[in-house]
Structure formats: C-alpha cells, structure tokens
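Biologist: I should like to learn how to read the features of a protein model. Could we begin with the terms for how much of a residue is covered?

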Amino acid sequence: MTTLYLTEHFASDDYQRLDGYKRQGGYEAAKRALGEMEPAAVIELLQAAGLQGRGGAGFSTGLKWSFMPEDSEGPKYLVCNADESEPGSFKDRILMERGPHQVLEGILIAAFAIGAEKTFLYIRGEYAEPARILEQAIEEAYAKKVLGKNVLGTGFRHDVVLQRGAGAYICGEETGLLESLEGKKGQPRKKPPYPAQHGAFGRPTTVNNVETFCHVPHIVNRGADWFRGIGTEKSPGSTLFGVSGHVVRPGLFELPLGTPLDEIVFEHAGGIHDGLRVKGVIPGGLSMPVLPANQLDVPMANESLRERGTMLGTGGVIVMDETTCMVRVACVVTYFFRDESCGQCTQCREGTGWMHKIVERIERGAGKPGDLELLLDVAAKMEGQTICAFSDAAAWPVQGLLRHFREDFEAHIREARCPFLESFDL
C-alpha cells in the first residue's frame, strides 16, 4: 500500500495548474463535500479520521472545527496559516509551490464545514515564490468558478484573500497572526476568548496550517478508515518530514506518522556524511528538545516522542554529527528566540536575553561555576508563564541540550574555552 498521497503528483509538470490538478482528480472531494454532505457530516468525518493539525500543536482538526458557533449572526472566517517560520521546517513551502490547488481544495471543504464565506491565506513575507504561485492559482480558481459565487455549481460562496506577512516568527502563532492580519503589531492575544469566539476582526475564526488543509480532500475521497490505516492508532495519516543538517540526502520525505526517527535519518536521508556518527537530532523544528544518538529508535508520532521528552512539532528534523558543539548550538537557538520574542511578556523578553548571554559566555570560555544551574532556573521561570507558547519554545531546546549534553557545557567551563572545532560561525 502506498502512503504517498500529499505529494503523489508533485512530479507532474502541470499539477500546479487547475487543469492539471483536475486531471488527477482534483476538486472531486470538494464537489462531494459541498454538493452531497451536510457541514456537520464533514466535521464528523474529520473527527472519525483523527486528523491532527500539522502546525505543531497536534490538536484534533475535526474537534477544532466543531468549536465554531453554528448560530452566530454575521461573518465567520477561516484562516490558513502559511507563516512557516520554524527553523528546520520547509514542508508548507513545497506544498504551496507544487500543489497550490490541493491547499485551496482543503480550504474550500473546511470553509463549508464551519460556514465561512471568506478565507485569509496569511503567508510569510519571505515566501515570495509560493505567494506568486498561490496568487496564480487563486486567479485560476475564480476564472473557472471554483472560488467566488456558486462554487463548483453547489450554491456555496467562498472568497480567498492572500495576505503577505512582514517576516516575524511570532506571527505563526495563531493569535499573533490575527493581530498582524488586522494591521496591528504581531503580538499574541491572551486566551480565552479563543479564536472560535473572538477571532479575526472580532468574528468567529478557525485557524489551520497549510499541511492540515492538504489532508482534507484525501480524507473526503477515501474515508476515515483509509486514513486511520496509515500511521499509528493515536497519530493517523502521513506527514512531510523535512530533513536538514549533516545528512547525505537532505530533503522532504512523505512518510507515515510513527516511522522511526533512525529510519528517516539513515535510510531516507542517507545517513551521516563523511562516515561520521550522529550526535543529536532535533525531531520537530528548532523549538523542540534534542534527542541523543542512542534514542533515535523512537517512532515519529506525538505520543511516543512525548515519552522521550520531546515533540513532533512541525516535523523539521535537524541532524547534527559528532563534531557539533552543543553549546554553540545553544548560542544559535537562544540568539534566534531572543531576537524573535515580541517582548510582550517579561519572562519571555528578559528570559530569552539572559539565556543567550549565559550560553554565549560559556561558549567564549568565560563560563562561571553555577552558570548551568542559573540557565536551568531561567528556563524554568519562562516555561508556562506567558501568554503564548513562544517562551516554552525558547526554554525547551536549552533544557534538552543540558539534559543530554551537559558534559559539553561542563567542559567549556572547566577548560575556559570551546573544546570543539568551530564548525559554524556564531
């Protein structure tokens, strides 16, 4: 049984275009959902399939859709989160570039299910080429009455507005995105109220990411049992793993959830270059805690990764070989989160800055006794203490690096220097 469905036709030259997409069965699922199903039945189907959002949190997509109020007067909105800014993650970019109509078809079905007449497709500012391709696909869809009035002849109306962001990582957080969409500074909102009650422009809103939408047409076409036959019992379906770092074949791999991490690294990505050994792997984008080499036998699914103290995140797998200085990695991680904190919460604004100062001091050979305890104390005071999960995302990788590679940090302090070759610049 093939597990490829998201990327099955990406090699076709015309799959980006509406006619090419239709030749592969595109928009048949939307016709079925909009023409033959009730909105509640679509939501029930998604809940039965067990699709988890692919944006990082892994929340049930069908359950999220069910939160939208049915009796709300006035407009309801759908938002496609295409602000893919997590370092190590590039799957949504490929999905938008190679299959823009797959994204739009998933959006149409979701909009019908929740009763939204308009979708805001919010894409990160740096994604110029995906934005161009999406604009072209949207124009085609309007021209062929796939968007606008009477979508696909079903009587349903839907409009899609493409909105480019300005390149801030925090705008990938759903409420920070909503603030930016409204023309304000991209700072997350305190919850509750949740977007389903008070979202974009004060209206009920559902936010899903690009990959989540792409699964939807396939579930409508093939059913919940088919979807649950792929992946694990708690994490069904396939996903796109973006592998980068010290591997022979970096790239994007569509595989069932639950595929062992060592299989992804050593078989699909070709193993470590130059015959070196792996030292550590970040399994789900830069914000996820690292795993050491002796724990790569873990299935890549939310439930099994949590047991190892990390998470699936965005599926961005970052591989580091045995020459890597983990203190230097901590410098890069903390520098990124210090710069990308929106500054709204004191624990995050100050904590990210202090973590970077401490790890940089250690890397430069000026670490002090007690620095590691101080580092862990700062991280603990950031975790779970702020409006959004950004502060957690900044604390977790530092905690993971200290949990598994404490000897690297201790060697720096003991020898008052970095004992590794400078394999990359700070």
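Modeller: A residue is called buried when its relative accessible area is under 20%, exposed when it is over 50%, and partly exposed in between. Please keep in mind that this is a predicted model.

Biologist: Is histidine 198 buried, partly exposed or exposed?

Modeller: Histidine 198 has a relative accessible area of 39%, so it is partly exposed. This residue is found in the loop between α8 (174–181) and β4. Leaving aside residues up to four places away in sequence, histidine 198 touches Arg189, Pro193 and Arg203. The C-alpha atoms of histidine 198 and lysine 76 are separated by 10.0 Å, although the two residues are 122 residues apart along the chain.

Biologist: How many helices and strands does the protein have?

Modeller: The protein has 16 helices and 9 strands. Its radius of gyration is 22 Å, close to the 22 Å that the globule rule gives for 426 residues, so the protein is as compact as a globular protein of that length. Taken along the principal axes, the box filled by the C-alpha atoms is roughly 70 × 45 × 35 Å. Of the 426 residues, 58% are buried.

Biologist: How should one read the side chains of a strand, and which way do those of β1 point?

Modeller: In a regular strand, side chains alternate between the two faces of the sheet. In β1, Tyr77, Val79 and Asn81 point one way, while Leu78, Cys80 and Ala82 point the other way. The strand, residues 77–82, is mostly covered, with 6 of its 6 residues buried.

Biologist: Which strands pair with β1, and are they parallel or antiparallel to it?

Modeller: Strand β2 (residues 118–123) pairs with β1 in the parallel sense over 6 bridges. Strand β4 (residues 205–209) also runs parallel to β1, and 5 bridges join the two. Leucine 78 illustrates both pairings: it stands opposite threonine 119 in β2 and opposite threonine 206 in β4.

Biologist: Let us turn to charged side chains. How many salt bridges are there?

Modeller: The count of salt bridges comes to 31. One of them joins the side chains of lysine 91 and glutamate 211, at 3.0 Å from N to O. Lysine 91 lies in helix α5 (residues 91–98) and glutamate 211 in helix α9 (residues 210–222), so the pair ties together parts that are 120 residues apart in sequence. Both lysine 91 and glutamate 211 are buried.

Biologist: How far apart in sequence are arginine 406 and glutamate 410 in helix α16?

Modeller: Arginine 406 and glutamate 410 are 4 residues apart in helix α16 (residues 390–415), which means that about one helical turn separates them. The closest N and O atoms of their salt bridge are 3.1 Å apart. Arginine 406 is partly exposed, at 26% relative accessible area, and glutamate 410 is partly exposed too, at 35%. Elsewhere, salt bridges that share partners join Arg54, Lys91, Asp92 and Glu211 into one network.

Biologist: Finally, which residues form a nonpolar patch on the surface?

Modeller: Phe59, Leu63 and Phe67 form such a patch, with about 260 Å² of accessible area together. Phenylalanine 67 sits in the loop between α4 (61–66) and β1. Its relative accessible area is 41%, so phenylalanine 67 is partly exposed. For the protein as a whole, the accessible surface comes to about 17,200 Å², and 49% of that belongs to carbon and sulfur atoms.

Technical notes
Residues numbered from 1 in each chain as written. Predicted model: local features only at pLDDT ≥ 70, side-chain atom pairs only at ≥ 80, totals over all residues. Heavy atoms only, no water. Buried < 20%, exposed > 50% of the residue type's maximum accessible area, 1.4 Å probe, protein only. Pairing = 2+ DSSP bridges. Contact = heavy atoms within 4.5 Å. Patch = residues over 30% accessible without salt bridge, like charges linked within 9 Å, V, L, I, M, F, W, Y side chains within 5 Å. Areas by Shrake-Rupley, 256 points an atom, 1.4 Å probe, with all protein chains shown as cover. Salt bridge = Lys/Arg side-chain N within 4 Å of Asp/Glu carboxyl O. Rg over C-alpha atoms; globule rule 2.2 N^0.38 Å.
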